[in-house]
Amino acid sequence: MNELAYNLPVERVFISPCDMQDDEKMKEDVCRFLSETLDVEYEKVLEKANKANRKDETIQKNVEEEVCDKIRAFINEYNEKIAQENKDLPEREQREKVSCIHFASGYKRYYPFKTLASQVIGFTGADGDGLYGLELQYNEQLKGTDGRVITAVNAHGEMMPTKYETYVDAQDGYDIVTTIDYRIQSSLEHYLEDTFHDSVAENRVCGIVMEVDTGAVLGMATYPAADLNNPYELDEWSLQQLAAYEPDSEEYTKQEAELRLSLWSNKCISYLYEPGSTFKVVTASIAFEEKATTDSDTYVCTDPYYLDLGGGQREKVNCWRSGGHGTITFRRGLQQSCNPTLMQVAAKIGKYKFYKYFRAFGMTEKTGIDLPGEFTSIYHDYADFFITELSIYSFGQTFKVTPLQQICAISTVANGGSLVTPYVVSKLLDSDGNVVKTYEPKTRRMVVSEEVCQQVTQILAEGVATDGGARNAYVRGYSVAAKTGTSQKRDKIDEELGDI
């Protein structure tokens, strides 16, 4: 129940140009003051002030109370000054008091933690409608409805008796309660920032913390992120990237827009990557479920390893370990992240069964999370799925998924075999704090058995506790199951080979 977003009272400052046309001195003084106080170009204010027949010209929206207080003080002081100047003059020579500056009450969204959960929460536009994240996804529930006064006027535009008036009360929108845990989210973002700078990442970093049994997202972040109170301003890192371009050039403008969009974009759901060896958790689960191997079956790993394509053709696939692992059990091969071992096991599973489970683990569909902008994965159709694809898919390459798809697949093994739907909103509350709607966890389907999940988890935990590839995840006093993953990037053309 930490408030991540709430409304602040603000006002729209507007002028009535028709009330200042007879006093050029007042017009100039008012325009200059509003320009300086509201940080609006003087020429733009003056242009609006010169629209002689207008009664309402907005100078600035969402002006905070203390700024409006300064404007009110200016009006009072200016009027007192005019009163002093007028007191000894005949009535026909007295100047009019300032009556051309007006205020209209309203609200604007305020985000007390600025960048916290930035891409998840999103932000609103000047009209109060959501533009990104939860603000957009739940805009209809959040915004409520405006009140109205329906009245009648005669042919001259004059108000008719009040018996013709109808009042429609405004209705508050709902509050939404998220699954985000403030402490977990803060910790996640702290370590993502460290990771970003330590690794000199070129395309941001992201992370997800999810409750594996329910799909409740406890933390989701991308770094760098926008300050939600000033979403159009670039962060320091983005400004450094922008400095490489000539200001006011076409390239500068294009890059500025791209950097701004990247700050708003939730990489966890709108970015595709090859999951690499983290996918071996899925391959191992399929193998045990289909009894294609036992954990003690042995496999031979050489470096390079040659994949038999049939017809005398072979394809070279390297193991990360120079010289290979030699003869190794499947248990050991999974802990050491041995590519040839997983490839041989995938051949035992067969392409039909492997592809069936690949789909069952959610690799070919969106997760259904209650956030906008979720991407669709890239993968081979079954008609194009051959021995090479089967082998390379076994260790998580040549297909692309979102980080959220991957954590859902891994959570399936962690929770005992259920593919869950991730979600960020747990309930809706009315303005009195009453629960209007509760969002219950959803299971999409059972994928593998609980026994298989326990077996895979135990193997991974043993690897962390001993000399496995994920041993850096060891935490004394805890049982930690983990799998590392490194993937080749195939997004750019290789200048030497000429392929993608």
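**Close-up views of a predicted model**

**View 1. Helix 11 and its surroundings.** The buried residues of helix 11 are covered by elements that include helix 12, helix 13 (339-349), helix 14 (351-360), helix 15 (387-393), helix 16 and helix 17, where contact means heavy atoms within 4.5 Å, and where helices (H or I, at least four residues) and strands (E, at least two) are DSSP runs, numbered from the N terminus. This is a predicted model, in which local features need pLDDT of at least 70 and side-chain atom pairs count only at pLDDT 80 or more, while totals for chains, interfaces and linings use all residues. Residues are numbered from 1 along each chain as its sequence is written, and side-chain values use heavy atoms, with hydrogens and water left out. Helix 11 is mostly covered, since nine of its 10 residues are buried; buried means under 20% relative accessible area, exposed means over 50%, and partly exposed lies in between (1.4 Å probe, protein chains only). Among these buried residues are Lys 280, Val 282, Ser 285 and Phe 288. Just after helix 11, Lys 291 takes a positive phi of about 55°.

**View 2. The nonpolar cores.** The largest nonpolar core, a set of buried Ala, Val, Leu, Ile, Met, Phe, Trp, Tyr and Cys residues joined through side-chain atoms within 4.5 Å, has 76 residues, and those with the most contacts inside it are Met 220, Phe 361 and Leu 404. Helix 11 (residues 280-289) gives the most to this core, with six residues. Leaving aside residues up to four places away in sequence, Phe 361 touches several residues, including Val 282, Ser 285 and Ile 286, together with Ala 409 and Val 448. A second, separate core of 24 residues includes Leu 38, Val 40, Ile 75 and Tyr 78.

**View 3. The second largest pocket.** The second largest pocket holds about 1,600 Å³ of space. On a 1 Å grid over the protein atoms alone, a pocket is an open set of points with protein on both sides within 12 Å along at least five of seven lines, a cavity is a set of points where a 1.4 Å probe fits but cannot get out, and lining residues have an atom within 4 Å of a point. Grid points are joined across faces, edges and corners, and a volume is the space filled by probe spheres set on the points. Of the 48 residues that line this pocket, the closest to its centre are Cys 206, Ile 208, Tyr 273, Thr 278 and Lys 483. Helix 16 supplies the largest share of the lining, seven residues.

**View 4. The largest cavity.** The structure holds one cavity of 30 Å³ or more, and about 60 Å³ of space lies in the largest cavity. Its lining includes Leu 334, Gln 335, Leu 460 and Lys 483, and the largest share, three residues, comes from helix 17.

**View 5. Gln 336 and Ser 186.** Gln 336 lies in the loop between helix 12 and helix 13, and this residue is buried, with a relative accessible area of 9%. Not counting residues up to four places away in sequence, Gln 336 touches Trp 320, His 325, Asp 467 and Gly 468. Ser 186, by contrast, lies in helix 7 and is partly exposed, with a relative accessible area of 25%. The side chain of Ser 186 reaches the backbone oxygen of Tyr 182 at 2.8 Å.

How values were computed: Polar contact = N/O pair within 3.5 Å; in protein donor to acceptor, adjacent residues only side chain to side chain.
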